[in-house]
Amino acid sequence: MGIFGSIKNAIFGSDDEEKTKSAAKTTPSPTATTGPKERAMISLEQVEQRIANIPGADDLNWNTSIVDLMKLVKIDPSYDNRKELATELGMVDYEGTAEQNMALHHAVMNKIALAGGVVPDDLKG
């Protein structure tokens, strides 16, 4: 799993956690078919609200800073990790400038909202 997947899991919980919770709540009948549970798509505002509810969110500027967003979800915000994240999201020639960091934050937030919390196949490691 890449850095984006770690960020997504910190906000929504991992797919493995969802499967464990789902299995604990219900026991399927022998004839029932089960498959991966799709998460409902949510808006960017709902994503931001979930992040705001993470303990420590009040102390960080996570809603505009990729460094603070990564700190909030306990991921090392080093240049190397931000460069790896940028590469995962298709950004080329990432050098860590302020403009690129803002664009990276925007890309992460949009990818999370678009994915509805499910990591797209192109980002799975």
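At roughly what angle do the axes of helix H1 and helix H6 cross? The legends below take up this question, starting with the whole chain.

**Figure 1. The whole protein in a predicted model.** The protein has six helices and zero strands. Read along the sequence, the pattern is therefore α-α-α-α-α-α, since helices and strands are numbered from the N terminus. Of the 125 residues in the protein, 38% are buried. Among contacts between residues at least 6 apart in sequence, 56% link residues at least 24 apart.

**Figure 2. The surface of the protein.** The protein exposes about 7700 Å². Carbon and sulfur atoms supply 52% of this exposed area.

**Figure 3. The crossing of helices H1 and H6.** Helix H1 covers residues 3-12, and helix H6 covers residues 98-115. Their axes come within 11 Å and cross at roughly 60 degrees. That angle makes H1 oblique to H6, because it lies neither under 35 degrees, over 145, nor in the range 65 to 115. The crossing of H1 and H6 is right-handed.

**Figure 4. The residues where H1 meets H6.** From H1, the residues in this contact are Phe4, Ile7, Ile11 and Phe12. They meet Val108, Lys111 and Ile112 in H6. By class, the contact of H1 with H6 has six nonpolar residues, one charged residue and no polar residues. The charged residue is Lys111 in H6, because Lys counts as charged.

Conventions. Residues are numbered from 1 along each chain as its sequence is written. This is a predicted model: local features need pLDDT of at least 70, side-chain atom pairs count only at pLDDT 80 or more; totals for chains, interfaces and linings use all residues. Side-chain values use heavy atoms; hydrogens and water are left out. Axes are lines fitted to C-alpha atoms, for helices over the stretch in contact, and angles run from 0 to 180 degrees between N-to-C directions. Helices (H or I, at least four residues) and strands (E, at least two) are DSSP runs, numbered from the N terminus. A crossing is left-handed if the near helix is turned anticlockwise from the far one by less than a right angle, and right-handed if clockwise. Contact means heavy atoms within 4.5 Å. Buried means under 20% relative accessible area, exposed over 50%, partly exposed in between (1.4 Å probe, protein chains only). Accessible areas come from the Shrake-Rupley method with a 1.4 Å probe; for residues, only the protein chains shown count as cover.
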